[in-house]
Amino acid sequence: MLPFTFTFSETVSAPNTPSGATNGLTGTFYTYITGGAISNTGDPLQFLLDWGDGSNSGWLPVGQSSASKSWTSTGTYIVRAQARCANHTLVLSPWSGTLSVNIDHQTAPSPPTNVQATDGTYVDKVQVTWTASSGATSYAVYRAASRRGT
């Protein structure tokens with residue numbers, strides 16, 4: 001009997017360049033999306049996003065092609081994606097194209113100005129008014145029973 005050799009070669013194409021925010025602030029989560037890769041055998045794929053800071057999303061579950069990231073340091077980060085066969089996890093795609101993401105330091109808005117409170121105008125409440133500061137999206141007002149905040 002003659003020996004018979006069968007060679008099977010699965011390939012996975014490179015995923016799409018990730019899309020998402022290209023400018024952001026530290027401490028804020030941003031979602032990045034990839035996809036578009038295919039296996040020449042039709043097997044299901046998993047995706048991984050490399051965040052450009054030494055961390056990555058980990059291999060996402062089959063059917064998921066997006067992940068969120070929050071950077072803690074300012075800088076420019078190069079985000080890229082890779083795909084792999086979910087059945088044969090050593091079959092990897094080439095890396096996608098890259099997305100440059102610029103992260104700046106998040107600063108708190110200035111405190112409000114013209115803060116005023118009624119003094120005896122109402123018997124059942126105190127009305128507090130102020131001029132909002134630029135960049136503030138909301139305020140939290142707390143009530144205390146003493147001047148020390150307790």
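This report walks through a sheet, two salt bridges and a pocket in a predicted model.

## The sheet

Let's start with the strands. Four of them make up an open sheet, and reading across it the order is S1-S6-S5-S3. The pairing in this sheet is mixed. At the edges sit strand S1, covering 23–25, and strand S3, covering 45–50, and each of these pairs on one side only. Going from one strand to the next, the twist averages 30 degrees.

Now zoom in on S3 and its partner, strand S5, which spans residues 75–85. These two run antiparallel, and six bridges join them. Across this pairing, Asp 50 stands opposite Arg 80 in S5.

## A salt bridge between two strands

Side chains of opposite charge can pair when their charged atoms come close. How many salt bridges does the model have? The count is two.

One of them links Asp 50 with Arg 80, and their closest N and O atoms are 3.2 Å apart. Asp 50 belongs to strand S3 and Arg 80 to strand S5, so this pair ties together parts that are 30 residues apart in sequence. Are the two partners buried or exposed? Asp 50 has a relative accessible area of 16%, and because the cut-off for buried is under 20%, Asp 50 counts as buried. Arg 80 comes out at 26% relative accessibility, so Arg 80 is partly exposed.

## A salt bridge from a strand to a loop

The other salt bridge joins Lys 69 and Asp 53, with the closest N and O atoms 3.0 Å apart. Where do these two residues lie? Lys 69 is in strand S4 (residues 66–69), while Asp 53 is in the loop between S3 and S4, so the pair ties together parts that are 16 residues apart in sequence.

Here too, one partner is buried and the other is partly exposed. Lys 69 is the buried one, with 12% relative accessibility. Asp 53 has a relative accessible area of 35%, which makes Asp 53 partly exposed.

## The largest pocket

Time to look at empty space. Rolling a probe the size of a water molecule over the atoms shows where empty space is left. In this model, the largest pocket has a volume of about 180 Å³.

Which residues line the largest pocket? They are Val 126, Val 128, Val 141, Tyr 142, Arg 143 and Ala 144. Sorted by class, the lining has five nonpolar residues, one charged residue and no polar ones. The charged one is Arg 143, because Arg counts as charged while Val, Tyr and Ala count as nonpolar.

Technical notes:
Residues numbered from 1 in each chain as written. Predicted model: local features only at pLDDT ≥ 70, side-chain atom pairs only at ≥ 80, totals over all residues. Heavy atoms only, no water. 1 Å grid on protein atoms, 1.4 Å probe; cavity = no way out; pocket = protein on both sides within 12 Å on 5 of 7 lines; lining within 4 Å. Points joined across faces, edges and corners; volume = space filled by probe spheres on them. Pairing = 2+ DSSP bridges. Helix = DSSP H or I, 4+ residues; strand = E, 2+ residues; numbered from the N terminus. Axes fitted to C-alpha atoms, helices over the stretch in contact; angles between N-to-C directions. Salt bridge = Lys/Arg side-chain N within 4 Å of Asp/Glu carboxyl O. Buried < 20%, exposed > 50% of the residue type's maximum accessible area, 1.4 Å probe, protein only.
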